[in-house]
Amino acid sequence: MNPAALEGGFTNAAVQSAQAFRAALEAMARPGTLQPITGAAPPAPMSPAAGALLLTLCDSTTPVHLAGAHDCAALRDWVTFHCGAPLVGARDASFALGTWEAPQPVDRFAIGLPDYPDRAATLIVETTALGQTGARLRGPGIQTTAALSLPESAAFQANHALFPLGFDCFFACEGQIAALPRSTIVEAA
Amino acid sequence: MTDQAYNFAYLDEQTKGMIRRAILKGLAVPGYQVPFASREMPMPYGWGTGGVQVTAACLTPEDTLKVIDQGADDTTNAVSIRKFFQRTAGVAVTEATTEASIIQTRHRIPETTLSAGQILVYQVPIPEPLRFLEPRETETRKMHELEEYGLMQVKLYEDIARHGQIATAYAYPVRVEGRYVMDPSPIPKFDNPKLSGSAAIQLFGAGREQRIYALPPYSDVVSLDFDDHPFTASKAAHDCALCGASDSYLDEVITDDAGGRMFVCSDTDFCGGRRAGGHLGALGVAGAL
């Protein structure tokens, strides 16, 4: 194992994971808002924001799929050491990490069962820019409308059409996250 | 002082991670009851073990916690849960609704309107609104899957047939975002309108029944009713005897053995705030809190 994989985790796991979770909670509860999230320093190409999400939410019970460039030795070692999560293919994953292009087609991911819609995947999408412009969002957690720079609209509209099934997304960019749950109605800008 | 023998906020990190994943899925599917592996807590079932686990998973050292039991900050349940988190998490506590970042509640929603940045955590005894109509979990799960909620309308109709009105006064069923029928926990139906469109995040934890569900801010929450028997948020037809409020939910307090009674605000912080602001009810004493 690469010794660098041992670095970059939380230094105070209980407190830092609590603070990171609150960022994730606010993001998921208020789609389209940007939340700062800190504490992790994972190896490239993973962003610190995505690293903090993985450290907070993943453990040995949550299979993780690393997609595209994120499926590299450095990140495999890092996720294995810090989260203990099994690394699996897209269909079996509870969490998936990659840029938006990497995990395509996204209809491979678990969307939950009609009687257990919670058994759906969470996608952590790495982006180079995250802003409150672009696609218009409506739905639970949004007072009137919100806007978020989504990589596309069609895939998220198709995902919302499956409601209450569907996957949920976090978008990570450097030290910030935003979220798009399956409940959000997306209108192309 | 934090009790160093325990992890921050009592639960171990893997347990908190599991609860956090359930909360996030609950927010993504508003009103759907997410199963979670509820832990045994150092308090009996029925004392808010579900709410305590949700609060423990959400707490950060920067939080200010308020705990209420039927609106009151000073009852046994509220005091012991507040002390529990003071000991195990070392967080600041308050009785003022506006100063709290997390409010754990048993069976009330504070009268003061909640704001963005606040989290309201409900203690839930029976999370399944259909449970008393259909005891089998396999069946109620199928009913939620198929949106088969006719049985609940029949129950409300039978209320009307028997009593002339919908007699359900607490744990009044609601429909969330036009999809899942949800038990809002045993809050009085007076509080039901506050569920809808709240700026705060609302999380529900049922420890014994091992379910977590959630309402994101500004969710559309509708109390079930009929066109000719619309939902009404009822309360005792009195003003608060201490602060004179006419728009708050009231507790009836028996004052002697001769049938004497008074009605006072159930929300002690709201009532105290009004009295501090100079409002006085029929039995209130000026300057006393």
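**Reading a predicted model, step by step**

In this predicted model, Val253(B) stands opposite Met262(B) in S12(B).

Me: What makes strand S11 (residues 250-254) of chain B and strand S12 (residues 261-265) of chain B a pair?
Reply: Two strands pair if there are at least two bridges between them. Here five bridges join S11(B) to S12(B), and the two run antiparallel. The requirement is met, so they are called a pair.

Me: Nice! What do S11(B) and S12(B) form, and how many residues lie between them?
Reply: They form a hairpin with six residues between the strands. In the turn you will find Gly259(B), whose phi is positive, about 85°.

Me: How do you know that strand S6 (residues 174-176) of chain B pairs with S7(B)?
Reply: Use the bridge rule again: at least two are needed. S6(B) and S7(B) have three bridges in the antiparallel sense, so they qualify as a pair. Within this pairing, Arg175(B) stands opposite Val181(B) in S7(B).

Me: Why are strand S7 (180-182) and strand S10 (221-223) of chain B called edge strands?
Reply: Each pairs on one side only. The open sheet has three strands in the order S7-S6-S10 (chain B), with antiparallel pairing. Its neighbouring strands are turned by 30° against each other on average, direction ignored.

Me: Let's go to the helices. Why are H2(B) and H3(B) described as roughly parallel?
Reply: Helix H2 (residues 49-58) and helix H3 (residues 76-89) of chain B pack at an angle of about 30°, with axes 12 Å apart. Angles under 35 degrees count as roughly parallel, so H2(B) is roughly parallel to H3(B). Their crossing is right-handed.

Me: Which residues meet where H2(B) and H3(B) pack?
Reply: From H2(B) come Val52(B), Thr55(B) and Ala56(B), which meet Ile81(B), Phe84(B) and Phe85(B) in H3(B).

Me: Why is helix H2 (residues 48-57) of chain A said to be largely enclosed by the rest of the structure?
Reply: A residue is buried when its relative accessible area is under 20%. Nine of the 10 residues of H2(A) are buried, so the helix is largely enclosed. Among the buried ones are Ala49(A), Gly51(A), Leu53(A) and Thr56(A).

Me: Which residues touch the most other members of the largest nonpolar core?
Reply: Ile23(B) and Phe170(A) are among them, in a core of 86 residues. Helix H1 (residues 13-29) of chain A gives the largest share, 10 residues. Beyond its neighbours within four places in sequence, Ile23(B) is in contact with residues including Phe21(A), Leu25(A) and Leu203(B).

How values were computed
Residues are numbered from 1 along each chain as its sequence is written. Chains are lettered from A and ligands numbered from 1 in the order in which they are written. This is a predicted model: local features need pLDDT of at least 70, side-chain atom pairs count only at pLDDT 80 or more; totals for chains, interfaces and linings use all residues. Side-chain values use heavy atoms; hydrogens and water are left out. Helices (H or I, at least four residues) and strands (E, at least two) are DSSP runs, numbered from the N terminus. Axes are lines fitted to C-alpha atoms, for helices over the stretch in contact, and angles run from 0 to 180 degrees between N-to-C directions. A nonpolar core is a set of buried Ala, Val, Leu, Ile, Met, Phe, Trp, Tyr and Cys residues joined through side-chain atoms within 4.5 Å. Buried means under 20% relative accessible area, exposed over 50%, partly exposed in between (1.4 Å probe, protein chains only). Contact means heavy atoms within 4.5 Å. Angles under 35 degrees count as roughly parallel, over 145 as roughly antiparallel, 65 to 115 as roughly perpendicular and the rest as oblique. A crossing is left-handed if the near helix is turned anticlockwise from the far one by less than a right angle, and right-handed if clockwise.
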